[in-house]
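Student: Hi, could we go through this model together? I'd like the terms first, then the details.

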Amino acid sequence: MRLVLVGPPGAGKGTQADFLAAHLSVPKISTGDIFRANVSQGTPLGLEAKRYMDSGGLVPDEVTINMVRERLAETDAADGFLLDGFPRTVPQAVALDKMLADNGTSLDLVLELVVDNDEVIRRLAGRRTCHTCKRIWHIEFDPPTYNGSCDNCGGELYQRDDDKPETVAERLRVYARDTSPLVDHYAAQGKLVGIDATGPVEDVTERAIDALRSYSA
Ligand code: AP5
């Protein structure tokens with residue numbers, strides 16, 4: 001299956017992407033994760049991306065599209081993938097449609113995680129991520145047993161630089177302006193399914209899997 005997850009910052013895309021990619025046996029491809037890995041390795045791509053990420057803006061389309069084109073050309077993505085955080089602008093969506101059409105394929109489904117801004121702000125304020133295994137935690141909604149340490153691997157937890165309140169406000173503005181038009185783009189293609197992304201993580205996963213099931217039925 002070729003699936004895209006769309007939704008505002010903090011909607012739970014990364015959290016759900018891990019479960020859904022495992023459920024579908026496809027690779028999870030997160031542009032945010034790829035940029036962050038490049039930032040921590042200090043690559044030229046990371047240095048460029050960091051300038052935009054730190055202010056809550058988007059990395060330029062050309063850079064992002066080329067990066068995704070290279071990633072989708074890897075063999076593990078040949079039969080399916082789950083994209084988390086891409087596309088994020090209409091030009092990125094158009095480029096993805098073309099990339100896939102050039103290979104004789106197309107997206108199957110776009111799952112929109114629907115959640116309001118107040119909930120997103122609460123989620124981002126409490127998010128912690130493991131340095132080692134990248135598991136996502138929340139200090140209130142999904143707390144690790146010991147503060148600051150990952151139950152999964154014992155790694156150290158950190159708070160993302162772009163989760164500061166002023167950066168979150170900008171990310172929400174950018175989402176409304178640049179990314180929310182994707183909802184219409186994919187609805188017009190008949191590929192959009194929206195699910196309520198509030199409530200416990202496992203309930204959201206269940207709704208997502210139901211949506212995938214009704215697509216395949
Ligand atoms: P990216 O990493 O993609 O960030 P984002 O889209 O803003 O999304 P987040 O990772 O913040 O949130 P999420 O929806 O994954 O939520 P999560 O599961 O962590 O991008 C970062 C930056 O990179 C961008 O700002 C941009 O600069 C750049 N970038 C990336 N892609 C780009 C592109 N295509 N083009 C240009 N630039 C790009 O959950 C959040 C918290 O909530 C966690 O603590 C979690 O435990 C908790 N939680 C999750 N689900 C629930 C639930 N049901 N109930 C309670 N808590 C929950």
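Tutor: Sure! Helices (H or I, at least four residues) and strands (E, at least two) are DSSP runs, numbered from the N terminus. Residues are numbered from 1 along each chain as its sequence is written. The model is predicted, so local features need pLDDT of at least 70 and side-chain atom pairs count only at pLDDT 80 or more, while totals for chains, interfaces and linings use all residues; side-chain values use heavy atoms, with hydrogens and water left out.

Student: Backbone oddities, then. Where is Ser25?

Tutor: Ser25 sits in the loop between α1 and β2 (28-30). Its phi is positive, about 55°, although Ser25 is not a glycine. Most residues other than glycine have a negative phi, and most peptide bonds are trans.

Student: And which peptide bond is cis?

Tutor: The one from Phe86 to Pro87, with omega near -5°. Pro87 belongs to the loop between β3 (81-84) and α5.

Student: On to the ligand! How many residues surround it, and which are the closest?

Tutor: The shell holds 36 residues, and Thr15, Gly57, Arg88, Arg127 and Arg171 are the closest. To count, a residue needs a heavy atom within 4 Å of the ligand.

Student: What is an oxygen atom of the ligand 2.6 Å from?

Tutor: A polar backbone atom of Gly57. An oxygen atom of the ligand also lies 2.9 Å from a polar backbone atom of Lys13. Arg123 offers an N or O atom of its side chain 3.4 Å from a ligand nitrogen. The cut-off for such a polar contact is a pair of N or O atoms within 3.5 Å.

Student: How much of the ligand's accessible area does the protein cover?

Tutor: The cover comes to 97% of the 1000 Å² that the ligand has on its own. Those areas come from the Shrake-Rupley method with a 1.4 Å probe.

Student: Which elements give two or more residues to that shell?

Tutor: They are α1 (13-24), α2 (31-41), α6 (117-125), β6 (136-138) and α9 (201-216). Of these, α2 gives the most, with four residues.

Student: How does the shell divide by residue class?

Tutor: There are 16 nonpolar, twelve polar and eight charged residues around the ligand. Here Ala, Val, Leu, Ile, Met, Phe, Trp, Tyr, Cys and Pro are nonpolar, Asp, Glu, Lys and Arg are charged, and the others, Gly among them, are polar.

Student: New topic: what is the order of the strands in the open sheet?

Tutor: Three strands run in the order β6-β5-β7, with antiparallel pairing. Because β6 and β7 (157-158) stand at the edges with a single partner strand each, one side of each has no neighbour in the sheet. Pairing requires at least two DSSP bridges between the strands.

Student: How many bridges join β5 to β6?

Tutor: Three, with β5 covering residues 127-130. Arg127 faces His138 of β6, and Thr129 stands opposite Ile136 of that strand. Five residues lie between the strands of this hairpin, where Lys134 takes a positive phi near 70°.

Student: And the other partner of Thr129, in β7?

Tutor: Thr129 stands opposite Tyr158 there. Two bridges link the antiparallel strands β5 and β7.

Student: Last one: how many cavities of 30 Å³ or more are there?

Tutor: The count is one, with about 60 Å³ of space inside the largest cavity. On a 1 Å grid over the protein atoms alone, a cavity is a set of points where a 1.4 Å probe fits but cannot get out, and lining residues have an atom within 4 Å of a point. Points are joined across faces, edges and corners, and the volume is the space filled by probe spheres set on them.

Student: Which residues line it?

Tutor: The lining of the largest cavity includes Lys13, Phe86, Pro87, Arg88 and Tyr175. Both β1 (2-6) and α7 (165-179) give two or more residues to that lining. By class, the lining has five nonpolar, three polar and two charged residues. Lys13 and Arg88 turn up here as well as in our ligand talk, Lys13 through its backbone and Arg88 among the closest residues.

How values were computed: A polar contact is a pair of N or O atoms within 3.5 Å; within protein, one must be able to donate a hydrogen and the other to accept it, and residues adjacent in sequence count only if both atoms are side-chain atoms. On a 1 Å grid over the protein atoms alone, a cavity is a set of points where a 1.4 Å probe fits but cannot get out, and a pocket is an open set with protein on both sides within 12 Å along at least five of seven lines; lining residues have an atom within 4 Å of a point.
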